[in-house]
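The following exercises are to be worked with the sequence and the structure in view. Each task is followed by a solution that proceeds step by step.

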Amino acid sequence: MKIIMAEHAGFCFGVKRAVDAIEKALKSSSEVWTIGLPIHNPQEVSRLEAMGLRVADNEREIPDGSEILIRAHGEPLSVIKNLQARNIKVQDMTCPFVKKAQDMAENLSRGNYFIILLGDKKHPEIKGILGHVVDENNAEVVADENEAENVAYHAKIALISQTTQREEKLSNVAGILTQKCSELHVCNTICKATAERQDAVKELVKNNKIDGVVLIGGKTSANTGKLRDVIKSQNNKIEVLWVEDENEIESNLDWFKNKNLIGIAAGASTPAWLIDKIKSNIAEIGGMGN
Ligand code: SF4
């Protein structure tokens, strides 16, 4: 059995940067906090928790005087200020691409633009960007073209995107908003990491000889789920085995029977050590003649 890897798989730049910073901080402190999971991968979170990571549900759970690392999604400005006021040491590891969107939201709202954020209003990244708008009454989150149609008229609108949106949707929404204002400022804050991973799985399944794809990532990871959708939209017949860890390879040995060529893909929150482990497990199965 042969294996081919998707060209882009695993940690994106922003997540790797934040995880590296957590590891480094835990070398000099016995305990470092984050608000919310730093990464949607249970195996990686367990590894970091064993080193001393503490995950809080909200800022109030973090003890005064402790140390916190702001994850790649970022936080609203008010949260960072509240933490600093409580003498909590804050290391801001907001991904630079997300920071750019936050800075644009702050600066353009100061310039009297009404801010439209394209994205998921429940997502922490959108909550963090919204928390940088000077007056949140002058901002609205739209999920798609339908919601953009309902935006009221404003003299000046700035459109800012969640980093994981697709270019096509941003451009459709921009087209709709031109009818809703006299001046439209469009900020393309989309990060290429998501598109690169999706394009890489498209390339993978273009290979007609592939018998199935092993997709590695947390079951709650939205970007991993999206990769499965992309595979299925390209070729509905292709079998996808979505696994979180090597145990799921062991419990699905039958899936590998009669397969000669396996593709491997992984979401942006899957660590390299886990991909390597699963890859060598699959190679062993292949060596056993399955
Ligand atoms: S997906 Fe892009 S914006 Fe988001 S953390 Fe990764 S590199 Fe940063």
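**Exercise 1. A loop residue and its exposure**

Asn137 lies in the loop between α5 (124-130) and β7 (139-142). The model is a predicted one. Determine whether Asn137 is buried or exposed, and how far its C-alpha atom lies from that of Asp211.

Solution.
- Step 1. The relative accessible area of Asn137 is 66%.
- Step 2. A residue counts as exposed over 50%, so Asn137 is exposed.
- Step 3. Asn137 and Asp211 are 74 residues apart along the chain, and their C-alpha atoms are separated by 52 Å.

**Exercise 2. Overall description of the protein**

State how many helices and strands the protein has, and characterise its extent, burial, contacts and surface.

Solution.
- Step 1. There are 11 helices and 12 strands in the protein.
- Step 2. The C-alpha trace spans about 65 × 50 × 20 Å along the principal axes.
- Step 3. The protein has 290 residues, of which 50% are buried.
- Step 4. Of the contacts with a separation of 6 or more, 72% are between residues 24 or more positions apart.
- Step 5. The accessible surface of the protein is about 14,000 Å², and carbon and sulfur atoms hold 47% of it.

**Exercise 3. Domains and the interface of domains 1 and 2**

List the domains into which the protein is divided, then describe how domain 1 and domain 2 meet.

Solution.
- Step 1. The division gives domain 1 (2-10 + 193-287), domain 2 (13-95) and domain 3 (97-190).
- Step 2. Taken over C-alpha atoms, the centres of domain 1 and domain 2 are 29 Å apart.
- Step 3. Contact between these two domains involves 12 residues of domain 1 and eight residues of domain 2.
- Step 4. Between them, domain 1 and domain 2 bury about 740 Å², with 53% of this area on carbon and sulfur atoms.
- Step 5. On the domain 1 side, Glu244, Ser269 and Trp273 lose the most area to domain 2, and together they account for 50% of what that side buries.

**Exercise 4. The shell around the ligand**

Identify which residues surround the ligand, classify them, and explain where the ligand lies with respect to domain 2 and domain 3.

Solution.
- Step 1. The surrounding residues are Cys12, Gly14, Ala72, Cys95, Phe97, Val98, Thr163 and Cys191.
- Step 2. Six residues of this shell are nonpolar, two are polar and none is charged.
- Step 3. Domain 2 (13-95) and domain 3 (97-190) each contribute residues to the shell; therefore the ligand lies between them.

**Exercise 5. Two adjacent residues in one loop**

For Asn87 and Ile88, decide which is buried and which is exposed, and give the further features of each.

Solution.
- Step 1. Asn87 is placed in the loop between α3 and β5, and Ile88 is found in the loop between α3 (77-85) and β5 (89-92).
- Step 2. Asn87 has 61% relative accessibility and is exposed, whereas Ile88, at 4%, is buried.
- Step 3. Phi of Asn87 is near 60°, which is a positive value in a residue other than glycine.
- Step 4. Beyond its neighbours within four places in sequence, Ile88 is in contact with Ile62, Pro63, Asp64, Gly65, Ser66, Ile68 and Leu83.
- Step 5. The C-alpha atoms of Ile88 and Asn260 are separated by 54 Å, with their positions 172 residues apart along the chain.

**Exercise 6. Buried positions in regular elements**

Locate Ser161 and Ala25, establish their burial, and name their contacts.

Solution.
- Step 1. Ser161 belongs to strand β8 (residues 156-161), and Ala25 to helix α1 (residues 13-28).
- Step 2. Buried means under 20% relative accessible area; Ser161 is at 0% and Ala25 at 6%, so both are buried.
- Step 3. Not counting residues up to four places away in sequence, Ser161 touches Leu118, Leu170, Cys187, Thr189 and Ile190.
- Step 4. Leaving aside neighbours within four places in sequence, Ala25 is in contact with Val32, Glu67 and Gln91.

**Exercise 7. Helix α2 and the residue after it**

Name the buried residues of helix α2 (residues 42-51) and describe phi of Gly52.

Solution.
- Step 1. Gln43, Glu44, Val45 and Leu48 are the buried residues of α2.
- Step 2. Gly52 follows α2, and its phi is positive, near 125°.

Technical notes: Residues numbered from 1 in each chain as written. Predicted model: local features only at pLDDT ≥ 70, side-chain atom pairs only at ≥ 80, totals over all residues. Heavy atoms only, no water. Near = heavy atom within 4 Å. Nonpolar A, V, L, I, M, F, W, Y, C, P; charged D, E, K, R; others polar. Domains from an automatic or database assignment. Helix = DSSP H or I, 4+ residues; strand = E, 2+ residues; numbered from the N terminus. Buried < 20%, exposed > 50% of the residue type's maximum accessible area, 1.4 Å probe, protein only. Contact = heavy atoms within 4.5 Å. Areas by Shrake-Rupley, 256 points an atom, 1.4 Å probe, with all protein chains shown as cover. Buried area = accessible area lost by both parts, 1.4 Å probe.
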